[in-house]
Amino acid sequence: MTQKRLLVLGFDSMDVELVRRWAAAGYLPTFRRLFETAAWTDYIDPPEHMSGTIWTTINTGVGPARHNFQFFIRFSGGSYRVRLARAEDMRAEPFWKWFAESGRRIVLADVPYTVPKPEYGGKQFWGWGPHDLPWKRSSEPRGLLSSLSAQFGVHPVPFCQIYSTKTDSTLRLRSGLLTGIERRTEILKSLIVCRDWDFFYGVYGEPHCAGHLMWHLEDESHPRHNPEQLATVGHAMREIYAAMDRGLGELLACAGTDTTCVVFFSHGLGPNYHGEHLFPEVVERFNRWWEGESPDVERRDERRSWLDSAWQRSVRRLPATWRDGVRRRLPMSLRAWITVKRLENPKQWSRMPAFSLPLLDVFSALRVNLVGREPQGQIRRGEEYRRYLDAFTEEISQLMNVESGEPAVERIWRADQQADPLTIGSEPDLIVWWKKEHPIRAIRSRTLGTISGENTEIRTGEHVMRGMLLVSHPRAKRGRHTISGMNVLDIPATLCDLAGIPPGTALDGRSRCNALLEDQD
């Protein structure tokens, strides 16, 4: 089954539906050829996964309950506080550890949420151009990252967060991402042609930022789609996908005939429609109902932390152009710290039966204030805990999108269905996946009444939890395959199988080689 080399190329938040559409239309010739000559499948991620968990799941081969990494902003159990995630929060080892231990020479090129380690050998760098930068840039050997930056240039888009959807900002972002893709391709080519590797794993991070801030350009039904802006900016998102298609073609040409090539999309993008901005009030109203009070009595003054209240009374009242100028000048580490402190509200959370965890992209997450797990627990473990979550699950399952008249919630996941709630660390007790067919400006239930509010986020695109895995191999079963139960957990197991590497510990997924490759003669 194995070939001498395994080249793995990941695309961060590149949407498989857009790629299929644009490949069929001729804009992405490399992907069009691969869809015809390679074996590939798309999939939906399990409901315990939020967007912040995906890369750590891919890199470790185990789910969030085992790798313990939910997002770059992390709830600190035992304190009712929120902090930035750290690399040491991850409990599981990366799957390439077993490649290194088996003597395979590795290259890791800007794989999200990784930490280069000397014991893995080879060439490893992280932080040249990722979407999120939760910890310090690094490389092994130590000077590799600085050498590559000096030779090929730094990434022109240091942080996606400094851009907006305004036309002038979008033009700058398009230019920066296109240049970044060209430079990244040259970096990856320089490492591939050296041929001093057996396992090569590189990632394009550019689709992530493009999808967040350019979705409305391609989606004519989006409320913020503007034909005049499209006429000025052009199909920027499609241009960025086309640039990555060209880069992919160049990298595959460098790989050689003795190389198995794997391409995958971590997760996808869609319109930024969700009810996360309404979820804190949903939780507060439900808590009042649970405690025998009227859910309609609002206590908005308690919802904000002291820093957020001070922010609203001061900085928030400044003109938007002033705020943007100040924000651009603040170091990202300080901006992240301010965001964290504005979001946390330990005084309020400690008195609630349960509370919403903040800043989780398009997902909503509930943390139960559980006796024996939280310092001032309000809900007793066992029967009371189950009754609370049963009632909450039933209530939010009935939430309706007032404008569309359709259900507002797509899926719900509960941690107690897989683990003892006392052992889940910083994980949520419940995760809500919102429906993305329509904007959600108001939701209604029989018990909680109507809750309304505008989504004021800059982003017009947000994550959908679908991905794609493609294998180019001499024995590939050409074309698209529907694989029952396939999900993101199966990617590392499949890679290990392709390379003939037995994982050093049990993985949560399983190899899909038998569905994608013909049997060995």
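Hi everyone, let's start with one small detail: the side chains of S426 and R74 are joined by a polar contact of 3.3 Å. Keep in mind that this is a predicted model.

So where does S426 sit? You'll find S426 in the loop between β14, residues 409–414, and β15, residues 430–434. And is S426 buried or exposed? Its relative accessibility is 7%, and buried means under 20%, so S426 counts as buried. If we set aside neighbours within four places in sequence, S426 is in contact with N68, Q70, R74, F75 and R367.

Next, a pair of helices. Helix α7, residues 167–192, packs with helix α10, residues 236–255, at an angle of about 10 degrees, and their axes are 10 Å apart. Angles under 35 degrees count as roughly parallel, so α7 is roughly parallel to α10. On the α7 side, the contact includes L177, L178 and I181, while α10 brings residues including I240, A243 and M244. Sorted by class, this contact of α7 with α10 has 12 nonpolar, two polar and five charged residues.

Now for the nonpolar cores. Which residues touch the most other members of the largest one? Among its 62 residues, those are F11 and F31. Helix α10 comes back here, giving this core its largest share, 11 residues.

Take a look at F11 on your screen. Not counting residues up to four places away in sequence, F11 touches F31, W55, Y204, M244, L248, V263, F264, F265 and S266. M244 is one we just met, in the contact between α7 and α10.

Finally, there is a second, separate core of 53 residues, with F99, W413, A493 and I501 among them. Thanks for listening!

Notes
Residues numbered from 1 in each chain as written. Predicted model: local features only at pLDDT ≥ 70, side-chain atom pairs only at ≥ 80, totals over all residues. Heavy atoms only, no water. Axes fitted to C-alpha atoms, helices over the stretch in contact; angles between N-to-C directions. Helix = DSSP H or I, 4+ residues; strand = E, 2+ residues; numbered from the N terminus. Parallel < 35°, antiparallel > 145°, perpendicular 65-115°, else oblique. Contact = heavy atoms within 4.5 Å. Nonpolar A, V, L, I, M, F, W, Y, C, P; charged D, E, K, R; others polar. Core = buried A, V, L, I, M, F, W, Y, C linked by side-chain atoms within 4.5 Å. Buried < 20%, exposed > 50% of the residue type's maximum accessible area, 1.4 Å probe, protein only. Polar contact = N/O pair within 3.5 Å; in protein donor to acceptor, adjacent residues only side chain to side chain.
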